[in-house]
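Here is a short guided look at one protein chain, with a few strands, a surface patch and some charged pairs to visit. Have the viewer open as you read.

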Amino acid sequence: RDVAVPEALAYTDDGVDLLVTARLPDARPLPEPEGISRELVERVGGLLGRAYAAGLRHRDLHAGNVVLAAGEPVLLDLGGGRIVRNTGGEVRELGRLQQGLAAPLSHAMRLRGLRAWLREAGVPTVHLHDLMRRVDREAREITRRYRRGRDRRATRTGRHFEVFELPGGESGVRRRETPDFWPTALPEWLTDDPPEASPLKSDGRVVRTRLPGYDHDVVLKRYEAAAAGRLPRAVRAFRKGVWLEHRGIAVARPLLALAASDGASLLVSDYVDESLDLHTLLLDRGAGLSRGERAALADRLGRFLRHMHEAEISHRDLKAPNLLVAGEPAGIVIADVDGVARRIVGWRRRARDLARLDASIEAPDTDRARVLRAYWRSGPRPAVDRHELTRWIARRVAWKRGPSGEAR
């Protein structure tokens, strides 16, 4: 059917399911959304349209299941697919594609891919923009159902997480891959620092250390007791970190949350190596960044913020010291999740988040303009006027800075 897939050579289901395929020469992943070309979007859309015309219905199509081999897209994993004879269901299938594969692309890129998909699938292209709106709605509903299911994993014992209770009254949740003895070894650090811990904040509640049985440095953050009847703050922060991971938002990965009987709690998360918080980077090293590096950082920050809001995440403490800049090219990582909330983020609330970050940044106006421009262009067409959004942000920044010009 002219659908590029790895050639199947052999299989067995005798005791274990095993599939052998021909090796793809020089296989590599798809480029990042900001680096993908219009021609490649059309070729991927055409490949998936031909698969649909051949009867393939796939519930797990994402960027990891499409690779480039010899420069051409190949559909890699058919394990989540089935072959059907009936036709129809284009909106549902396109919604799945958008949810798993095309969501980070701009509106123009998604429209280009949709045209290629319809052409190869043999579906008439009448009322294209109306179809696009229906696909957007379907993708949002699919995404919400998918995220709700994934978010619940951290609330119960299962394949990925363990919820535990200890004889001394402590309780908590941990990832399955963390050492089994951690829950019983960590209670003493609810009040005391581990040996050779180095403080990351002046109040001593956040420290960096190395724990036995784990190959990387970790961060320990201690919380005061929550109000009676409330979820311990470390457990709440652990769940929020999991929410962000499920939405593809980089975060200091939570490993374990432990709560004492009096409500005091401890969060253990990965330490993000070779990182600086955004405030320190711009204040201390800003003069050392080239014009191109500053522009690239501003563009990536704008895209990151737009993705966060489109993923229905807001942050009431979104400020430069709580964002880490790590890796090459520079990636944005959320360091402090305490202010994170799940909600449909309206444009007024988006303006508040953006203004809160704007008021905390020491940067020239050209960098601020680049952040907003990247934010504006990297998602679905906004429901507000760009100049109106800019005015909302400016008024909020002026209020936050107050008469003294310093951020509140």
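## Before we start

A residue counts as buried when its relative accessible area is under 20%, as exposed over 50%, and as partly exposed in between. Please keep in mind that this is a predicted model.

## A three-stranded sheet

Let us begin with the open sheet, where three strands follow the order β3-β5-β6 with antiparallel pairing. Its edge strands are β3 and β6, each of which pairs on one side only. Strand β3 (residues 28-29) is joined to β5 by two bridges, and here Arg28 stands opposite Leu68 of β5. On to β6 (residues 72-75): four bridges tie this strand to β5, with Val67 facing Val74 across the pair.

Strand β5 (residues 66-69) has an alternating pattern: Val66 and Leu68 point one way, Val67 and Ala69 the other, and all of them are buried. Two residues separate β5 from β6 in their hairpin, in which Ala70 adopts a positive phi near 55°. Helix α1 (residues 38-53) lies across β5 and β6 and runs at about 35° to β6.

## A nonpolar patch on the surface

Now turn to the surface, where Leu9, Val16, Leu18 and Val20 make a nonpolar patch of about 350 Å². Leu9 belongs to strand β1 (residues 8-12). With a relative accessible area of 53%, Leu9 lies over the 50% cut-off and therefore counts as exposed.

## Salt bridges, buried and partly exposed

Side chains of opposite charge can pair when their charged atoms come close. The structure holds 29 salt bridges, and three of them make good stops.

In the pair of Arg110 and Asp136, the closest N and O atoms are 3.1 Å apart. This salt bridge links distant parts of the chain, from Arg110 in helix α3 (residues 107-121) to Asp136 in helix α4 (residues 128-151), 26 residues apart. Are these two partners buried or exposed? Both Arg110 and Asp136 are buried.

Glu224 and Arg205 form another salt bridge, with 2.9 Å between the closest N and O atoms. Here two loops are linked: Glu224 sits between β12 and α6, Arg205 between β10 and β11, and 19 residues separate the two. Glu224 is partly exposed at 48% relative accessibility, and Arg205 is partly exposed at 32%.

Finally, Arg253 pairs with Glu245 at 3.3 Å between the closest N and O atoms. Arg253 has a relative accessibility of 27% and Glu245 one of 26%, so both fall in the partly exposed range. These two residues also join Arg175 and Glu177 in a network of salt bridges.

How values were computed
Residues are numbered from 1 along each chain as its sequence is written. This is a predicted model: local features need pLDDT of at least 70, side-chain atom pairs count only at pLDDT 80 or more; totals for chains, interfaces and linings use all residues. Side-chain values use heavy atoms; hydrogens and water are left out. Buried means under 20% relative accessible area, exposed over 50%, partly exposed in between (1.4 Å probe, protein chains only). Two strands pair if DSSP finds at least two bridges between them. Patches are made of residues with over 30% relative accessible area and no salt bridge: like charges are joined within 9 Å, nonpolar side chains (Val, Leu, Ile, Met, Phe, Trp, Tyr) within 5 Å. Accessible areas come from the Shrake-Rupley method with a 1.4 Å probe; for residues, only the protein chains shown count as cover. A salt bridge is a side-chain nitrogen of Lys or Arg within 4 Å of a carboxyl oxygen of Asp or Glu. Contact means heavy atoms within 4.5 Å. Axes are lines fitted to C-alpha atoms, for helices over the stretch in contact, and angles run from 0 to 180 degrees between N-to-C directions.
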